[in-house]
Amino acid sequence: MPLPRRGRGSRLAGSRVAGTSLPRARARSPRRAGRGTQLLSHAQRLTRRRHSSEQVTPEPEQQADFRSEKWLQERAGGDARDSRQALLAGMGSRRRFFSQEEVVIPCASDNDSGSVDLQLSNLEDIKKGESSIEFTDLDISDIPGLPLESFTDNLRHLTYEGPLNEASIQRLIQSIQEVFGGQLKSELEKLTFLRSLSSLSQNLPYDETIESFIHSHIEDIVRILNVLIQEEPLRSLFSPVRQEVFITIANLSYHNVHLLFGSEERTDLFEVITRSMITLPPLNILTQLQEITPCGPYNPECLYRQTFQAFSEMLQSLVVKDPHLENLDTIFQHLETWLQSSKDHERKRATASMAQVLKCLSRHLCLKPPLRFQRLGHLVAVMALLCGDPLKAVAEEAAEGTHYLLHITLRLKYVTHDKKNHQSLRKALKKCREFLELYSIKRFYRYPFKIAQVFEVFLNSDELCQFIMTTLDGLENLKHPYSQQSAGELLITLVKNAESRFEKVPEIMGIICARLSIISQPRVRQQVINTVSLFISRPKYTDIVLSHLLCHPVPYDRHLAELWRTLEAELPSTTWILWRLLRKLQKCHTICQEKMAYVGVAATCALYEVFMGNRLRAAMLRLFPQLLMTLLIQIHHSIGLTMSDVAIPSGLHIEQEVSTEVTPLCFAVQATKTLLLRTLCWQEFNIMEKNKGWTLLEEKDCHLQGISLLANALLERNQLLAHKVMYLLVPFLNRGNDKHKLTSAGFFVELLQSPVARRLPSTYSTARLKDWLNHENDTFKILALKGLCNLIRYQEMVRPDVHLFSMTLFGASIKSVKPTDKKGVENQVLDSLVPLLLYSQDENDAIAEESKRVLMICAHFLKWKLPQEVYCKDPLYIRPTEAGKICRFFGIKCRGKIDILAQTLMYSKNTKLPIRRAAVLFVGLLSKYMDQNELSIKGTDWIQHDLREMLQDPEPSLRIITSQALFRVQKVTTEPEPEPTVCWLRKLMGCLPT
């Protein structure tokens, strides 16, 4: 039997190797590379020899190529005058192109990418009930000889010369031992030592002396190799020493002598070797360095390719015999950092190396328990992210590696699956086949999110969590927008398909919340938030996700607030989500504690953010009675409390101090206001605001007056909702503590004015009032006595003030202007229109009415006929149609006379809320009547700047109206108002002579 050989070039065996001084890489042109006789790689010959007793006939397999058609055309065609391309086409050898870099990988042929469909068919044919099933159906035939190009100048067959004789062995051992006690200085000494060690390794099967020597000096060998690698410069490649180190390690690995596993020193050697190869500069830089400072006779392009080829073969030699996948786990640990490198050339080398390792492993896979590779989900996620790499070469390599990883996964899951539950594996295989029938697995690099669909059926709960964690961690380092989009698509696809098979949901939510602040791509942010929506919409995870999200500082930062506001789900799920969030708040009202539960404050703040987002509006309308009463009860519980009165979990506010302005009461009031606005209870909101209802609710002694005011407003303006609340209160009155019952009772007695209340059984009306008469709390007695009567409404009497008098005086002065003086006064009258229009919305009825009266005097002065909508009694912010007509009238009339928009914008900072709100409303409506010339010169940035500041106002109604106004202003720049057309008859009349 012949000795194993390396298919890398001319090399003498035995003692002749120790004495040679010829380097492996000659200074030859790459165009001449590959001439000579085709040779088998070292890995192929060893593999063929190891399996010579099995002799499995290889079946013809269809070639799977993951590279682009353009690449294939360039590879097969090209200029016939290019001798290098012609040589490649004639030899049929396998090369990879990385921009200017070219890598030749041994140990696998082009036709070894067996069809995944065939693999699935083999697995489907497995018989049921067998306790011990061999992998005969899944065995892969031996790899046929792969013709490789050699980069040396002499290529000839190596003839068998037999094992080394004893004298040659002793000379080699003696020369190696001298190195252990000395130091290698010259390149020739280093190469001689490495090739001597390789020659000994090839004779390991034939001589016990060699085996004993190598095993007893492994630590010395590791130390010497570590020194040799560290002496090589990291930023240049001028000698084949690296290459020979890789070859030596590979030769020893083929004979089960592993120099990279088993101790801390060996692990360090693996790390140093990997860094030394991956961090080399790109090939074009290496070539430039050689041209600037020639340091050797080697062609840098040939030397680089040979070195990377040796590195790849070394890694593959580690997994040729890896039944427990522990070597794969170690290789992945060392390559993982480089697979996620921000440097393109490092990522390309690491991806090509990993793809070849997976390919080699898939062809030599012989799994045996126990399997020590427990990071399958992590590896799949890393490869999937690389399939979406913006660098096409990296994406194609990753896609091919993922193809072989699926082969490995199929057999891995067959070995580890529960034999008693064989149907689950069949079901997973069937689902995987259905996906593969929809699209070619060879196109992973174009659609990386499909990797999640294919692999999801085989990943268990731990591996699913690894996949998501890895993808989320990758978002922090991904700098390319396309890569970030791939990560988002992978996340959303996996969660959609995996359904309810996740276990570590709190950990996933923690990473998502932590990563939101660093995700800059809006689309990716929304995909990550949609991932949370998918989790929270599944009943199995709803409470888990809510509990985690509620364990964050309040008020929520803008990232968490965005998450709450953009939660989306189907209608049944939205009601479920809102109900579970509401229940967490309601449970806090039944617990008697010295301090308020933090969950109650956090849930209230979360409800406010959900209402502001308005994505769950259908559920808000459905649960309106429960939401309204629960928030009113929360207001009652929060009166007079500060955040120091809340049981804040330890460590929650370590990095930020709680502002004194932040109180549980402000959250509850804001949420209640927003609920009314989002459910279109504009008139009820206006009644509360006009009659100081919110102030009443916030005061301990007047809280029930505020409750009475809101109940009467709801009964007057929206009887349907009022009746729903009344029916809810029938069981609500029997729950909770005194504050809970008082708030419910105060609302209930006002609703008894409705005729519908007569339908209630006496048990729930008169009998209940009778019981309250005997209650020990006097407040209940008052509520019972007044029963069907209204509670005293708190109204503030407003007296005429200076403002009112000044408007009256201004109106009288306009009436007294003589016709001859009208031209000089006209500008003053025009300037007064905006203030009068805005103060017609004042909370003081007298001022509002006087403003309208004086506005009518001004219109008569200008000979204008005001639209009837000006005299509307309701506030204009709840009458958007009427407000639009008013703004259209004044926008057209004042165009070219005064800057009405700038005047209105000045009042957006008024101290009075109704004036600010009206000003912002009018700014949005008036913006579309801006003069186009003025718009092109000034733009709208100055308007948008002031409006964005208004978004920080604590009043929810003002923020909502501001967001609407901002949208209208932004729309003006993209969709300008069309100029008014002139009637054809008027045009004709204008052309007639006068």
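A residue counts as buried when its relative accessible area is under 20%. This is a predicted model, and that cut-off is useful throughout the tour.

Start with S908. Its relative accessible area is 1%, so S908 is buried. S908 sits in the loop that links α42 (900-906) to α43 (913-926). Its side chain makes a polar contact with the backbone oxygen of L905, at 2.6 Å. Beyond four places in sequence, S908 touches R916, A919, V920 and M950.

Now the core. Nonpolar side chains in soluble globular proteins tend to be buried together. Here the largest nonpolar core has 287 residues. W564 and F747 have the most contacts inside it. Take W564. Apart from residues up to four places away in sequence, W564 touches L546, L549, L550, Y556, L581, A606, E609 and V610.

Next, a loop with an unusual bond. Most peptide bonds are trans. The bond from V554 to P555 is cis, with omega near -5°. P555 belongs to the loop between α24 (539-549) and α25 (558-565).

Backbone angles bring two further loops into view. Most residues other than glycine have a negative phi. L325 is not a glycine, yet its phi is positive, about 65°. L325 lies in the loop between α13 (300-317) and α14 (326-339). Its relative accessibility is 1%, so L325 counts as buried. K692 also has a positive phi without being a glycine, with a value near 60°. The loop between α31 (682-690) and α32 (693-698) holds K692. K692 is partly exposed, because its relative accessible area is 28%.

Turn to the helices. Helix α19 (residues 449-456) is mostly covered, with seven of its eight residues buried. Those buried residues are K450, I451, A452, Q453, V454, F455 and E456. Charged residues K450 and E456 are thus on the buried list.

A helix pair comes next. Packed helices are described by the angle and the distance between their axes. The axes of α29 (residues 624-638) and α34 come within 9 Å. They cross at roughly 65°. The crossing is right-handed. On the α29 side, the contacts involve F624, P625, Q626, L628, M629, T630 and I633. On the α34 side, they involve L721, K724, V725, L728, L729 and F732.

Helix α34 (residues 719-732) also holds Y727. Y727 has a relative accessible area of 40%, so Y727 is partly exposed. Outside its neighbours within four places in sequence, Y727 is in contact with V756, R759 and L760. The C-alpha atoms of Y727 and F748 are 9.4 Å apart, although 21 residues separate the two along the chain.

Finally, the cysteines. A disulfide is a covalent bond between the sulfur atoms of two cysteines. How many disulfides does the model have? The count is zero. C605 shows the reasoning. The pair of sulfur atoms must lie within 2.5 Å to count as a disulfide. The cysteine sulfur closest to that of C605 is in C666, 8.3 Å away, so the gap is too far for a bond. C605 is buried, because its relative accessible area is 2%. C872 is also buried, because its relative accessible area is 17%.

How values were computed. Residues are numbered from 1 along each chain as its sequence is written. This is a predicted model: local features need pLDDT of at least 70, side-chain atom pairs count only at pLDDT 80 or more; totals for chains, interfaces and linings use all residues. Side-chain values use heavy atoms; hydrogens and water are left out. A nonpolar core is a set of buried Ala, Val, Leu, Ile, Met, Phe, Trp, Tyr and Cys residues joined through side-chain atoms within 4.5 Å. Buried means under 20% relative accessible area, exposed over 50%, partly exposed in between (1.4 Å probe, protein chains only). Contact means heavy atoms within 4.5 Å. Helices (H or I, at least four residues) and strands (E, at least two) are DSSP runs, numbered from the N terminus. A polar contact is a pair of N or O atoms within 3.5 Å; within protein, one must be able to donate a hydrogen and the other to accept it, and residues adjacent in sequence count only if both atoms are side-chain atoms. Axes are lines fitted to C-alpha atoms, for helices over the stretch in contact, and angles run from 0 to 180 degrees between N-to-C directions. A crossing is left-handed if the near helix is turned anticlockwise from the far one by less than a right angle, and right-handed if clockwise.
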